[in-house]
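Biologist: I'd like to learn how to read a model like this one. Could you walk me through it, one feature at a time?

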2 protein chains.
Amino acid sequence: MRITYKGDYALKTILGLALHYGNSPTTINDLARRADIPTKFLEQILLDLKRGGFVESRRGKIGGYLLARAPSQIKLGEVIRFVDGPVEPIACAGKKYSGCNDVYKCVFRKIWQDVSLATSKIIDNITFEELAKNIKDKGPVYTYQI
Amino acid sequence: MRITYKGDYALKTILGLALHYGNSPTTINDLARRADIPTKFLEQILLDLKRGGFVESRRGKIGGYLLARAPSQIKLGEVIRFVDGPVEPIACAGKKYSGCNDVYKCVFRKIWQDVSLATSKIIDNITFEELAKNIKDKGPVYTYQI
DNA sequence: TGTATACTCTACTATTATGATAGAGATTAT
DNA sequence: ATAATCTCTATCATAATAGTAGAGTATACA
């Protein structure tokens with residue numbers, strides 16, 4: 001797994017929305033400013049996240065973005081996989097892979113699968129509700145660093 | 001962590017040499033043919049591995065490559081890190097990182113560090129001696145698929 | 001001492017991914 | 001109407017990846 005800037009921005013943005021969950025929509029500009037993300041880049045990322053079913057949008061005045069689901073229903077791993085692709089360090093570790101002559105004899109494949117599993121156990125076991133709680137526990141929301 | 005072709009080739013090559021440990025040098029051509037690696041690409045990789053202290057070379061007729069250390073003294077993780085870089089999924093998970101305003105408040109950093117640690121525990125806990133043994137246990141050496 | 005074999009070194013190239021930027025268009029509250 | 005806001009497509013610069021090419025150097029052996 002490698003987290004790109006795009007992935008990093010996506011996670012920070014979802015967290016930003018999670019901290020605002022239940023309230024009015026947040027604008028792209030606000031989200032970009034708070035997490036220090038180039039606005040036009042974030043536009044594209046948010047469109048992606050919308051297509052992925054993670055966020056919803058409202059157009060026009062008082063428009064902005066909202067989470068499409070409760071923070072407790074969004075796992076870290078889901079977002080990462082959607083934005084940055086599979087967590088496997090190499091394609092041959094994937095379940096469906098069959099590119100080698102004899103995958104059963106490859107001693108490395110098992111290791112990459114172990115790594116993938118260990119990674120998944122971590123990222124699929126934490127939701128944005130917990131992440132938001134961690135932030136809130138650290139101090140007033142207006143000072144958070146995401 | 002992402003394993004590139006270069007990394008994959010490097011690992012397979014070290015394993016190929018581990019299977020031949022104690023014998024005469026193996027030529028680039030042999031290594032390339034056995035693991036289905038483009039010869040000229042493997043040349044460069046082997047020069048890298050030599051600079052990294054993983055292999056030694058003999059020039060001229062009956063020349064070729066040898067492991068610089070016993071397979072039991074070469075860990076998988078060492079080779080991966082040398083060829084493909086740090087295992088951290090994002091730079092901010094590194095020990096020395098200090099790029100953010102306040103890394104202590106970033107809820108993601110801890111997660112990436114957990115992932116890095118879980119990955120390291122796997123790849124730093126297996127040597128090429130064990131990998132070679134796995135191969136040998138699967139059948140005659142001349143049929144191995146690395 | 002010549003020559004075949006094999007490693008060494010530097011340069012070059014094609015393709016793709018990444019990280020953006022630009023600008024025109026569509027929607028909506030007031 | 002109009003200002004604020006999201007939407008969509010195109011474009012671009014840079015770096016990484018995965019090679020390829022070719023001339024040069026060292027060595028065993030006849």
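Modeller: Let's begin with a term: a salt bridge is a side-chain nitrogen of Lys or Arg within 4 Å of a carboxyl oxygen of Asp or Glu. Across the interface of chain B and chain A, that rule finds zero salt bridges. Keep in mind that this is a predicted model, where local features need pLDDT of at least 70, side-chain atom pairs count only at pLDDT 80 or more, and totals for chains, interfaces and linings use all residues. Residues are numbered from 1 along each chain as its sequence is written, chains are lettered from A and ligands numbered from 1 in the order in which they are written, and side-chain values use heavy atoms, with hydrogens and water left out.

Biologist: How many residue pairs are in polar contact across the interface of chain B and chain A?

Modeller: A polar contact is a pair of N or O atoms within 3.5 Å; within protein, one must be able to donate a hydrogen and the other to accept it, and residues adjacent in sequence count only if both atoms are side-chain atoms. The rule finds three such residue pairs between chain B and chain A, both residues at pLDDT 80 or more.

Biologist: Which elements of chain B touch chain A?

Modeller: Helices (H or I, at least four residues) and strands (E, at least two) are DSSP runs, numbered from the N terminus. On the side of chain B that touches chain A, α1, α4 (76-84), α5 (107-123) and α6 (128-137) of chain B each give two or more residues. The largest share, ten residues, comes from α5(B). For classes, Ala, Val, Leu, Ile, Met, Phe, Trp, Tyr, Cys and Pro count as nonpolar, Asp, Glu, Lys and Arg as charged, and the others, Gly among them, as polar. This side of chain B has 22 nonpolar, five polar and seven charged residues.

Biologist: And what area is buried between chain B and chain A?

Modeller: Buried area is the accessible area (1.4 Å probe) that two parts lose on being put together, summed over both. Here it's about 3,100 Å², with carbon and sulfur atoms giving 74%. Counting contact as heavy atoms within 4.5 Å, 34 residues of chain B meet 34 residues of chain A.

Biologist: Why do the copies meet through the same surface?

Modeller: Because 100% of the interface residues of chain B are also interface residues in chain A. Copies are superposed by least squares on the C-alpha atoms of residues with pLDDT of at least 70 in both. A turn of 180 degrees and a shift of 0.0 Å along the axis lay chain B on chain A with an RMSD of 0.0 Å, which means a two-fold axis relates them. In chain B, the C-alpha nearest that axis belongs to M1(B), 2.6 Å away.

Biologist: On to the DNA: which residues come nearest to strand D?

Modeller: A residue is near a strand if one of its heavy atoms lies within 4 Å of it. Around DNA strand D there are 28 residues, of which K50(A), S57(A), Y65(A), K40(B) and Q44(B) come nearest. Sugar and phosphate make up 65% of the strand D atoms within 4 Å of the protein.

Biologist: What does K50(A) lie 2.3 Å from?

Modeller: A polar side-chain atom of K50(A) lies that far, 2.3 Å, from a phosphate oxygen of DNA strand D. Bases are involved too: a side-chain N or O atom of Q44(B) is 2.3 Å from a base oxygen of strand D, and a polar side-chain atom of E43(A) is 3.1 Å from a base nitrogen.

Biologist: And what about strand C?

Modeller: There, Q44(A) has a polar side-chain atom 2.2 Å from a base oxygen of DNA strand C. A polar backbone atom of I28(B) is 3.0 Å from a phosphate oxygen of strand C.
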